[in-house]
Amino acid sequence: MSTPQPPGAQGQDTPPEGRPQAAGRQRLAAGLWPPRVTRAQLTVAVLLFVLGLGLAVQVRSHSDDSALRGARQEDLVRILDELDNRTQRLEDEKQDLVDQRTGLENSSDQAEEARRQTREKEQQLGILAGTTAAQGPGITLTVQDARHTVEADMLLDTVQELRAAGAEAIQVNGVRVVADTDFTGTGGDIAVDGKAVRPPYRFTAIGRPQDLEPALNIPGGVVQTLEKEQATATVTGSSKVVVDALRPAKQPGYARSSSR
């Protein structure tokens, strides 16, 4: 015979309904924190970090080496043309040296051949130094600047572009341009090596017209830049142009020949 239980006594032996869920969450939290990292997991994490760092460095280095990736199309065309022209000039210089060596080796009178080559070299150096007149194929660039918007640096950029395209002799409004030529002043009041020049500016350059003319007319080049300044530029190629402006030969003040 069972003894009757007091009301509510049966509920005292059974936990409330929410208590098992709370206990389960506590056990789950205790299992997750503090985290238990095994040695194998730590090794894999370090390897993944090193791999990711290496990939990031490689991508950054590749981006730095690809500086031309963001260049404009006209800039890339100009750079490619300049590289092609420089390569061709180096090949021509190499061939000239080979021909000189062959001439010395095959000449019956090597002393006379050496003197002939020396005279030719003297003429070449005179052209580069501006002490000798020159003629040959080339171009004439005429820049009309009625508004006086063309600055000295634009004329200098024109000379640099002609040189990069292979011009061997240049003069501007009767002034010979050499390695140390300077352009100063502002629009309408520009001096070349201290000599005043007035528009229209006339460039005469000796070189291959098929190299010089495209170099000036490429997109973003000299002609387009001048036109943006409301000037007009006209390029004319010719089988013969004359560069006859001369510069006096200067004796170096400090440099001396090191040959003995």
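This is a short walk through the salt bridges, the hairpin, the surface patches and some backbone oddities of one structure. Keep in mind that the model is predicted.

Let's start with the charges. How many salt bridges does the structure hold? Four. I'll take three of them in turn.

Take Asp-180 and Arg-247. Their side chains meet in a salt bridge, at 3.6 Å from N to O. This pair links distant parts of the chain, 67 residues apart. Asp-180 sits in the loop between β3, residues 175-177, and β4. Arg-247 is in the segment after β8, which covers 232-243.

Now stay on Arg-247. Its side chain also meets Asp-193 in a salt bridge, and here the N to O distance is 2.4 Å. Asp-193 lies in the loop between β5 and β6, and Arg-247 after β8, so this contact ties together parts that are 54 residues apart in sequence. Put the two bridges together and you get one network: Asp-180, Asp-193 and Arg-247, joined through shared partners.

Is Arg-247 buried or exposed? Buried. The relative accessibility is 17%, and the cut-off for buried is under 20%. Asp-193 is partly exposed, because its relative accessible area is 27%.

Asp-193 has a second feature. Its phi is positive, near 55 degrees, and it is not a glycine. Remember the background: most residues other than glycine have a negative phi. So that loop residue deserves a look on your screen.

Next, the other bridge. Asp-189 pairs with Arg-198, with the closest N and O atoms 3.9 Å apart. Asp-189 is partly exposed, at 47% relative accessibility. Arg-198 is partly exposed too, at 44%.

On to the hairpin. Strand β4 is residues 183-186, and strand β5 is residues 189-192. They run antiparallel, joined by four bridges. Which residue stands opposite Thr-184? Ala-191, in β5. Two residues separate the strands, and Gly-188 in the turn has a positive phi of about 85 degrees.

Just before that hairpin comes the loop between β3 and β4, and Ala-179 is in it. Ala-179 counts as exposed, given a relative accessibility of 77%. Ala-179 and Ala-129 are 50 residues apart in sequence, yet 7.7 Å apart in space, C-alpha to C-alpha.

Two more backbone points. His-148 is not a glycine, but has a positive phi of about 55 degrees. You'll find His-148 in the loop between β1, residues 134-144, and α6, residues 152-164. His-148 is partly exposed, at 41% relative accessibility.

Then the prolines. The peptide bond from Pro-199 to Pro-200 is cis, with omega near 0 degrees. For context, most peptide bonds are trans. Pro-200 is in the loop between β6 and β7, the latter being 201-206.

Last, the surface. There is a negative patch, made by Glu-91, Asp-92, Glu-93, Asp-96, Asp-99 and Glu-168. Asp-92 belongs to helix α4, residues 73-106. At 39% relative accessibility, Asp-92 is partly exposed.

There is also a nonpolar surface patch. Val-46, Phe-49, Val-50 and Leu-53 form it, with about 400 Å² of accessible area together. Val-50 lies in helix α3, residues 39-65.

If you take one thing away, make it Arg-247: a buried residue, in a network with Asp-180 and Asp-193. That's it from me.

Methods:
Residues numbered from 1 in each chain as written. Predicted model: local features only at pLDDT ≥ 70, side-chain atom pairs only at ≥ 80, totals over all residues. Heavy atoms only, no water. Patch = residues over 30% accessible without salt bridge, like charges linked within 9 Å, V, L, I, M, F, W, Y side chains within 5 Å. Areas by Shrake-Rupley, 256 points an atom, 1.4 Å probe, with all protein chains shown as cover. Lys, Arg positive; Asp, Glu negative; His and termini not counted. Charge placed at Lys NZ, Arg CZ, Asp CG, Glu CD. Buried < 20%, exposed > 50% of the residue type's maximum accessible area, 1.4 Å probe, protein only. Pairing = 2+ DSSP bridges.
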